[in-house]
Amino acid sequence: MFLGGPKWTLFTLSKAIKLSDVVFRLESQRVGWVTMALKTVGREHRDLQRISIDVPPFLIIIPAHIYPDVGRAIGEEDLREWLVLDQSLVHLQESRSIHTRVIRPWSRLKRDMVDCIGSLLPESTKRGMIELVG
Amino acid sequence: MAALLDHELSERMLYHSFWAETTMQNLPNELLNHIADFLRDSQAPLRNCCLVSKSWIPRTRRHIFANIYFQTAKDLESWKKTFPDPSISPACYAKLLWIGCPQVITAGGAEAGDWIASFTSVEHLELGGQDTQARGWEVAFALFHRFSPAIKSIRMKMSPLPFRQFFKLVLSFPLLEDLDMSDCYDAPIDNDGDSDGLSSTVQALSLPMFTGSLDLHLDEGVGPVVRWLLTQPGRIRFRKLALSWACEEDVSLTLVLMEECSHTLESLYVCCNLPGTFIRHLCPHR
């Protein structure tokens, strides 16, 4: 779905095989480029231990009681991108034991953050794979 | 029981005789240095230690003057007043030198070169400031050219910045490992020739070591810096890249840079701030 799209969706990690730590800083709710990059992680990335997603402030201030339907809040298309990312993270955790962190800017909003991330990355959250740091 | 008491008594006597005979002078230097190292974050105790004896001055000054900050030209005046002779000032102990604006340097007048040169052991140089004249930095860079051979990292947080002159400065530090530029935008200066007196010497130099980290968070994207890095002779071996994308070309340049550093790159941070990924305005669901 990204073929022929903007260049950031073609970002690849395939050449950087010594990587041990990767941080994706989001400036919007679009995460398709992150998923595409993670799909280029292969067996040769033996040292890769941790993937971090640095979430922008506007995304974590989606309180569940105001936005019960995250899909409507951020848009169905963007939510689909998050769910695909969720699957990729689960796959990397299961196949490679790569740890996932979600970096949040404000600790006082932890409860809302948990709710929000639980909706965006449901499977990873359910399996207790996500470490929230701030 | 009596034997046990005798043993304890003899141990105590031995202990007390050791401390009675042990004075500051005959403690090993390594131990004294270790004591000063423990106090590195406590300025008041360090200053007291500095008054113990002449032999304690170097080991305490190493920490007291480790980080030097010049926010304004007034700070420099104060420094020069306290230490009028650059050759015997504690500048040689500084590991980090932070300069808030080019006026700090240009205010040094004719002796500016002398006091900059007195910071012989600086490993981390940080230059910052907003709304300053690019021309001011051009003068400052010329004075900083090769000023400390020990420089390992440079951090620039200023605007505007004459990139071309700054790149020349970078090339004059052969041991440079880390480069950090944020909130800068290029402000080209008209004189493109040798008027700054650096071009001919710099052309003969190859890239510094660059085995540390590259941090680029610039309004106009990573392009100007990465393109410059990729066109220099010599190999780039960064272990860490932290890049903020501002245009689509930044993605391609990041990929080229990652390929160039593929044998050393361990840590990657990318911030996608591209047109088309704008923040959607959220509307409460009703």
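## Contact between two helices

Two residues are in contact if their C-beta atoms, placed from the backbone, lie within 7 Å. In this predicted model, such contacts join two helices of chain B: B:L32, B:N33 and B:A36 in α2(B) meet B:R59, B:T60 and B:H63 in α4(B). Sorted by class, the residues of this contact are two nonpolar, three polar and one charged.

## How the helices are placed

Helix α2 of chain B covers residues 29-38, and helix α4 of chain B covers residues 56-64. Their axes come within 9 Å and cross at roughly 25°. Angles under 35 degrees count as roughly parallel, and α2(B) and α4(B) are therefore roughly parallel to each other. The crossing of the two helices is right-handed.

## Domains of chain B

How is chain B divided into domains? Domain 1 spans 30-62, domain 2 spans 65-209 and domain 3 spans 210-279.

Domain 2 and domain 3 of chain B touch each other, with 17 residues taken from domain 2 and 18 residues from domain 3.

## The side of domain 2 that touches domain 3

Which elements give two or more residues to this side of domain 2 of chain B? They are α9 (163-171) and β5 (178-182) of chain B. The largest share comes from β5(B), which gives five residues.

By class, the residues on this side of domain 2 of chain B are 10 nonpolar, three polar and four charged.

Note on methods: Residues are numbered from 1 along each chain as its sequence is written. Chains are lettered from A and ligands numbered from 1 in the order in which they are written. This is a predicted model: local features need pLDDT of at least 70, side-chain atom pairs count only at pLDDT 80 or more; totals for chains, interfaces and linings use all residues. Axes are lines fitted to C-alpha atoms, for helices over the stretch in contact, and angles run from 0 to 180 degrees between N-to-C directions. Helices (H or I, at least four residues) and strands (E, at least two) are DSSP runs, numbered from the N terminus. Angles under 35 degrees count as roughly parallel, over 145 as roughly antiparallel, 65 to 115 as roughly perpendicular and the rest as oblique. A crossing is left-handed if the near helix is turned anticlockwise from the far one by less than a right angle, and right-handed if clockwise. Ala, Val, Leu, Ile, Met, Phe, Trp, Tyr, Cys and Pro count as nonpolar, Asp, Glu, Lys and Arg as charged, and the others, Gly among them, as polar. Domain bounds come from an automatic or database domain assignment.
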